[in-house]
Amino acid sequence: MLVIRDRIETTSGPADRFSGTVYIDPIATPSEASRISASSVHFAPGARTAWHAHPNGQTIFITEGIARVQRRGGPLEEINTGERVFFEPGEDHWHGATPNRFMTHLSLVEVDDHGNNATWGSHVTDEQYGA
Ligand code: MN
(Lines give C-alpha, C1' and ligand atoms only; values in the text may rest on other atoms or scores of the structure.)
Protein backbone atom coordinates (compact mmCIF):
# COMPACT_ATOMS: atom_id res chain seq x y z
CA MET A 1 0.00 0.00 0.00
CA LEU A 2 1.21 3.44 -0.82
CA VAL A 3 -0.37 6.42 0.85
CA ILE A 4 0.29 9.44 -1.31
CA ARG A 5 0.60 12.36 1.02
CA ASP A 6 1.86 14.87 -1.51
CA ARG A 7 -0.38 17.86 -1.68
CA ILE A 8 -2.26 17.84 -4.94
CA GLU A 9 -1.19 20.68 -7.16
CA THR A 10 -4.06 22.16 -9.12
CA THR A 11 -3.19 23.09 -12.68
CA SER A 12 -5.05 25.31 -15.13
CA GLY A 13 -6.66 23.71 -18.17
CA PRO A 14 -4.49 24.84 -21.11
CA ALA A 15 -6.10 27.39 -23.44
CA ASP A 16 -5.55 25.26 -26.55
CA ARG A 17 -7.65 22.46 -25.02
CA PHE A 18 -10.31 24.38 -23.06
CA SER A 19 -12.49 27.48 -23.41
CA GLY A 20 -13.04 29.50 -20.25
CA THR A 21 -11.65 28.80 -16.79
CA VAL A 22 -10.87 25.18 -15.98
CA TYR A 23 -8.79 23.68 -13.14
CA ILE A 24 -7.55 20.11 -12.96
CA ASP A 25 -6.67 18.14 -9.82
CA PRO A 26 -4.78 14.89 -10.50
CA ILE A 27 -6.01 11.75 -8.70
CA ALA A 28 -4.18 8.87 -10.41
CA THR A 29 -1.19 9.29 -12.70
CA PRO A 30 -0.25 6.59 -15.24
CA SER A 31 2.88 4.54 -14.60
CA GLU A 32 4.54 1.52 -16.19
CA ALA A 33 2.32 -0.70 -14.04
CA SER A 34 -0.99 1.08 -14.60
CA ARG A 35 -2.52 2.99 -17.49
CA ILE A 36 -5.23 4.60 -15.41
CA SER A 37 -5.34 8.38 -15.48
CA ALA A 38 -7.91 9.98 -13.20
CA SER A 39 -8.54 13.60 -12.36
CA SER A 40 -11.14 15.93 -10.94
CA VAL A 41 -11.87 18.68 -13.44
CA HIS A 42 -13.49 21.94 -12.36
CA PHE A 43 -15.26 24.10 -14.96
CA ALA A 44 -16.39 27.68 -14.30
CA PRO A 45 -19.77 28.65 -15.79
CA GLY A 46 -19.58 28.52 -19.58
CA ALA A 47 -16.23 26.70 -19.63
CA ARG A 48 -15.82 23.57 -21.74
CA THR A 49 -13.28 21.34 -23.43
CA ALA A 50 -12.36 21.63 -27.09
CA TRP A 51 -13.48 18.84 -29.39
CA HIS A 52 -11.40 15.75 -28.66
CA ALA A 53 -11.35 11.95 -28.57
CA HIS A 54 -9.79 9.40 -26.18
CA PRO A 55 -7.89 6.40 -27.57
CA ASN A 56 -9.39 4.03 -24.97
CA GLY A 57 -12.59 5.90 -24.20
CA GLN A 58 -13.48 7.94 -21.12
CA THR A 59 -15.88 7.80 -18.21
CA ILE A 60 -16.89 11.08 -16.62
CA PHE A 61 -18.81 11.14 -13.32
CA ILE A 62 -20.48 14.42 -12.44
CA THR A 63 -19.75 15.40 -8.83
CA GLU A 64 -21.08 18.97 -8.85
CA GLY A 65 -23.47 20.95 -11.02
CA ILE A 66 -24.82 19.96 -14.41
CA ALA A 67 -22.60 18.95 -17.32
CA ARG A 68 -23.29 19.83 -20.91
CA VAL A 69 -21.93 17.21 -23.34
CA GLN A 70 -22.13 16.48 -27.04
CA ARG A 71 -20.97 13.74 -29.33
CA ARG A 72 -20.07 14.79 -32.90
CA GLY A 73 -23.33 14.84 -34.88
CA GLY A 74 -25.42 14.28 -31.76
CA PRO A 75 -27.68 16.51 -29.66
CA LEU A 76 -26.59 18.69 -26.76
CA GLU A 77 -27.23 16.72 -23.59
CA GLU A 78 -27.29 17.82 -19.94
CA ILE A 79 -26.04 15.36 -17.32
CA ASN A 80 -26.84 15.72 -13.63
CA THR A 81 -24.70 15.28 -10.53
CA GLY A 82 -24.35 11.59 -9.75
CA GLU A 83 -24.70 10.49 -13.36
CA ARG A 84 -21.99 9.11 -15.64
CA VAL A 85 -21.19 9.28 -19.33
CA PHE A 86 -18.98 6.89 -21.28
CA PHE A 87 -17.42 8.15 -24.49
CA GLU A 88 -16.37 5.35 -26.84
CA PRO A 89 -12.74 5.00 -27.97
CA GLY A 90 -12.12 7.49 -30.77
CA GLU A 91 -15.53 9.14 -30.37
CA ASP A 92 -15.26 12.88 -31.04
CA HIS A 93 -16.94 14.88 -28.25
CA TRP A 94 -16.74 17.73 -25.76
CA HIS A 95 -17.92 18.30 -22.18
CA GLY A 96 -18.27 21.33 -19.96
CA ALA A 97 -20.32 23.41 -17.55
CA THR A 98 -23.70 24.94 -18.23
CA PRO A 99 -23.65 28.71 -18.84
CA ASN A 100 -24.70 29.75 -15.33
CA ARG A 101 -23.23 27.18 -12.94
CA PHE A 102 -19.96 25.57 -11.90
CA MET A 103 -19.51 21.92 -12.82
CA THR A 104 -17.01 19.35 -11.58
CA HIS A 105 -16.55 15.85 -12.95
CA LEU A 106 -14.18 12.98 -12.33
CA SER A 107 -12.42 11.84 -15.50
CA LEU A 108 -11.27 8.23 -15.90
CA VAL A 109 -9.21 7.25 -18.93
CA GLU A 110 -6.49 4.81 -19.90
CA VAL A 111 -3.50 6.13 -21.79
CA ASP A 112 -2.33 4.45 -25.01
CA ASP A 113 1.06 2.84 -25.70
CA HIS A 114 2.61 6.30 -26.03
CA GLY A 115 1.15 7.70 -22.81
CA ASN A 116 -1.47 9.80 -24.61
CA ASN A 117 -4.97 10.09 -23.18
CA ALA A 118 -6.58 12.28 -25.86
CA THR A 119 -6.31 13.75 -29.33
CA TRP A 120 -7.37 17.40 -29.43
CA GLY A 121 -9.21 19.37 -32.12
CA SER A 122 -10.86 22.74 -32.53
CA HIS A 123 -12.60 24.78 -29.85
CA VAL A 124 -16.35 24.45 -29.33
CA THR A 125 -17.91 27.60 -30.78
CA ASP A 126 -20.51 29.61 -28.87
CA GLU A 127 -23.06 28.41 -31.43
CA GLN A 128 -22.17 24.75 -30.86
CA TYR A 129 -22.20 25.35 -27.10
CA GLY A 130 -25.69 26.76 -27.35
CA ALA A 131 -24.80 29.99 -25.55
MN1 MN B 1 -13.42 13.73 -23.04
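**Pockets, strands and a manganese site**

Ile-4, Asp-6, Arg-7, Ile-8, Pro-26, Ile-27, Ala-28 and Thr-29 line the second largest pocket of this predicted model. That pocket has a volume of about 180 Å³, and its lining divides into five nonpolar residues, one polar residue and two charged ones. One of the lining residues, Ala-28, also takes part in strand pairing, with Ala-38 in strand 4 as its bridge partner.

The largest pocket comes to about 480 Å³ in volume. Its lining is made up of 26 residues, and those nearest the centre of the pocket are Arg-17, Ile-24, Ser-37, Ser-39 and Asn-117. Two or more lining residues come from each of strand 3, strand 4 and strand 12 (103-110). Of the contributors, strand 4 gives the most, with five residues. By residue class, the lining of the largest pocket holds twelve nonpolar residues, 13 polar ones and one charged residue.

It helps to step back to the whole chain at this point. The secondary structure of the protein chain consists of one helix and 13 strands. Read from the N terminus, the order of elements is β-β-β-β-β-β-β-β-β-β-β-β-β-α. With a radius of gyration of 14 Å, close to the 14 Å that the globule rule gives for 131 residues, the chain is as compact as a globular protein of that length. The C-alpha trace spans about 45 × 30 × 25 Å along its principal axes, and 37% of the 131 residues count as buried.

Strands 3, 4 and 12, already met in the lining of the largest pocket, belong to an open sheet of six strands. The strand order in this sheet is 1-3-4-12-7-10, and the pairing is antiparallel. Strand 1 (11-12) and strand 10 (84-87) form the edges, each of them pairing on one side only. Within the sheet, strand 3 (residues 22-28) and strand 4 (residues 36-43) run antiparallel and are joined by six bridges. Towards the other edge, strand 7 and strand 10 are paired in the antiparallel sense over four bridges, and Phe-61 stands opposite Arg-84 in strand 10.

In a regular strand the side chains alternate between the two faces of the sheet. The edge strand 10 can be read in this light: Val-85 and Phe-87 make up its covered face, while Arg-84 and Phe-86 make up its uncovered one. Arg-84, the residue across from Phe-61, therefore sits on the uncovered face of strand 10.

A further set of pairings involves strand 8 (residues 66-71). Strand 8 pairs with strand 9 (residues 77-80) in the antiparallel sense over four bridges, and Ile-66 has Asn-80 in strand 9 as its bridge partner. Five residues lie between the strands of this hairpin, where Gly-73 takes a positive phi near 85°. Strand 8 also pairs with strand 11, again in the antiparallel sense, over five bridges. There, Ala-67 stands opposite Ala-97 in strand 11.

Strand 11 leads on to the metal site. The manganese ion is coordinated at 2.1 to 2.2 Å by four histidine NE2 atoms, those of His-52, His-54, His-93 and His-95, together with OE1 of Gln-58. Along the chain, the donors follow the spacing H-x1-H-x3-Q-x34-H-x1-H. Distant parts of the chain are linked in this way: His-54 lies in the loop between strand 6 (52-53) and strand 7 (58-64), whereas His-93 lies in strand 11 (residues 93-97), 39 residues apart. Are these two ligands buried or exposed? His-54 is buried, its relative accessible area being 5%, and His-93 is counted as buried too, at 0% relative accessibility. Both values fall under the 20% cut-off for buried residues.

Another histidine, His-123, is placed in the loop between strand 13 (119-120) and helix 1 (126-129). With a relative accessible area of 35%, His-123 is partly exposed, because this value lies between the 20% limit for buried and the 50% limit for exposed residues. From His-123 to Arg-35 the C-alpha to C-alpha distance is 27 Å, and the two residues are 88 residues apart in sequence.

Note on methods
Residues are numbered from 1 along each chain as its sequence is written. This is a predicted model: local features need pLDDT of at least 70, side-chain atom pairs count only at pLDDT 80 or more; totals for chains, interfaces and linings use all residues. Side-chain values use heavy atoms; hydrogens and water are left out. Donors are N, O and S atoms within 2.8 Å of the metal (3.2 Å for Na, K and Ca); water is not among the atoms, so sites may look incomplete. Buried means under 20% relative accessible area, exposed over 50%, partly exposed in between (1.4 Å probe, protein chains only). Two strands pair if DSSP finds at least two bridges between them. On a 1 Å grid over the protein atoms alone, a cavity is a set of points where a 1.4 Å probe fits but cannot get out, and a pocket is an open set with protein on both sides within 12 Å along at least five of seven lines; lining residues have an atom within 4 Å of a point. Grid points are joined across faces, edges and corners, and a volume is the space filled by probe spheres set on the points. Ala, Val, Leu, Ile, Met, Phe, Trp, Tyr, Cys and Pro count as nonpolar, Asp, Glu, Lys and Arg as charged, and the others, Gly among them, as polar. The radius of gyration is taken over C-alpha atoms; the globule rule is 2.2 Å times the number of residues to the power 0.38.
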